[in-house]
Amino acid sequence: RDPPMTDSFSISARRAFRDLICAALFIAVAIVGLSGGTRAEPEPVWPPKTMPISFWCGPPEPYITTEQYRQIAAAGFSVVMPPCEGEASVARNKKILDTAKATGLKAIIQDSRMPLAVTGNPAALANLKAIVKDYRKHPALLGYFITDEPGANAFGGLAEVVAELKRLDPDHIAYINLLPSYATSDLNTTPSQLQTDTYDRYLTLFMQNVKPQVLSWDFYHFLANGDRPGFYGNLYAAQGAVGASQPPTPFWQIVLSVQHGGYRALSEPELRFEAMQTLVFGGSGLLYFTYWQPNDPSFKWSNSIRNRDGTPGPLYEPVKHVNAEVRTLAKYLYGAELIATFQSGDIPPDGRPNAGDVPLKVTGPGNLSVGFFRGETGHAYALATNRDYKSAVTTAISFNVGSHELEILDIPTNRWRKADAKRGVDGRSLVTLELPPAGAALVRWL
């Protein structure tokens, strides 16, 4: 009830004051909600704001520690993948996520309850709901690992799982890694790994049926007795598969690091080759096989990024150097639109020459892969990479950019400088580039 009316404060005055206070409180609550106050929903983490750099085989127990994860971050990695040994339990996953959060990393978790299909599995939907409930709200979660290297005959079931995860948690990735192009495809072969007659068909079926948030595969190029053919063809096949969707689906490539089986011990230039070729083809993520040296008696493992006792392996410092270069280049290329990738010099059988539909051409020596991009800032970018991982090269690229000024990125300092371009009689600008073994140079213009 209203208090008795007095000369100093009437009933109508009290009501007006009360209405004024309520209005002010309403406006304050609205402002807090609009400005990202404590009750606002967290920003989606997919797609990531920066290019994911990760690996196969994260640290197993008892090495899921803050100190080990700090070493992961110090080497330029941004995403932790699951261990390749031990139980994929809820307790372990929450420990991974908590440790990733403490060190500024994201994580893709593997859960033993994850189904590979919904149809025919009465527990599938309940398991997916439980998985999402257990991890969805964790700030370090990037996504859910489903399976590795499925054949096309599994795509129907995987499509059901991906669709359900997207419905339950659209802010995190449902991650599947595919086979490379050198997997067996002959349907008369036992077993046929791809379960299709061609690799292009394998990728097309995956994209059409599963509708993934990212296309991922692994290709291990460096054999003990030479370089495996088909590396560039696999990248071109992925370009074609993701380009059929609008907007194009991002793709990740898993490359070799650890020596095992029929694969050789890698050098820093060989690691750089794998990374730069991934970037020049428009890759949106780079992963290494492996970070932690696996405990798999079927192979002899050596020359790893991280040894089994948690100490740095022979590749820790080299991969740290390469990742630093990738992170710098990705500041400009991640999220940019890839227009074309082509090769110069001795073009490999699965390579492609310049089709002439880009405003640049290689006029100097060397075996290069060149990517032409359009960035979100309006800049055009040309990434020139040296495919020779043994020798440096001095080469030149001619740009048809009119009066536009060319800039070149100093990768170690992340600073742009005016390119020393010579204007030819044809009006084109000629830029000389010094490329170290497997190295890259980034040129831009407006």
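At 31% relative accessibility, E149 counts as partly exposed, a class that lies between buried (under 20% relative accessible area) and exposed (over 50%), using a 1.4 Å probe and protein chains only. The loop that holds E149 runs between β4 (141-148) and α5 (155-168); helices here are DSSP runs of H or I with at least four residues, strands are runs of E with at least two, and both are numbered from the N terminus. Although E149 is not a glycine, its phi is positive, at about 55 degrees.

The model is a predicted one, in which local features need pLDDT of at least 70 and side-chain atom pairs count only at pLDDT 80 or more, while totals for chains, interfaces and linings use all residues. Residues are numbered from 1 along each chain as its sequence is written, and side-chain values use heavy atoms, with hydrogens and water left out.

Another unusual backbone angle is found at N303, again not a glycine, with a positive phi of about 55 degrees. N303 sits in the loop between β10 and α9 and is buried, its relative accessible area being 18%. Most residues other than glycine have a negative phi, and most peptide bonds are trans. Two cis peptide bonds can be described alongside these angles. One joins W46 and P47, with omega about 0 degrees, and P47 belongs to the loop between α1 (11-34) and β1 (53-56). The other runs from Q246 to P247, with omega near -5 degrees; P247 is placed in the loop between α7 and β9.

The loop between β10 and α9 also contains W301, which is buried at a relative accessible area of 12%. Leaving aside residues up to four places away in sequence, W301 touches V258, Q259, H260, F289, Q293, P294 and D296, where contact means heavy atoms within 4.5 Å. Of these partners, Q259 is 42 residues from W301 in sequence, yet the two C-alpha atoms are 5.7 Å apart in space.

Strand β9 is mostly covered, with six of its six residues buried. On one side of the pairing scheme, β9 joins strand β6 (residues 215-218) in the parallel sense over four bridges; two strands pair if DSSP finds at least two bridges between them. Within this pairing, Q253 of β9 is the bridge partner of W217. Strand β10 (residues 285-289) also pairs with β9 in the parallel sense, over five bridges, and there L256 has F289 of β10 as its bridge partner. Together with helix α8 (residues 268-280), β9 and β10 make a right-handed β-α-β unit, meaning that, with the strands pointing away from the viewer, the path from the first strand over the helix to the second runs clockwise.

The largest pocket has a volume of about 850 Å³, a volume being the space filled by probe spheres set on grid points that are joined across faces, edges and corners. A pocket is an open set of points on a 1 Å grid over the protein atoms alone, where a 1.4 Å probe fits, with protein on both sides within 12 Å along at least five of seven lines; lining residues have an atom within 4 Å of a point. The lining comprises 35 residues, and P248, S284, G335, A336 and E337 lie nearest the centre of the pocket. At least two lining residues come from each of α7 (231-243), β9 (251-256), α9 (316-333) and β11 (337-343), with β11 giving the most, four residues. By class, 21 lining residues are nonpolar (Ala, Val, Leu, Ile, Met, Phe, Trp, Tyr, Cys and Pro), 11 are polar and three are charged; Asp, Glu, Lys and Arg count as charged, and the others, Gly among them, as polar.
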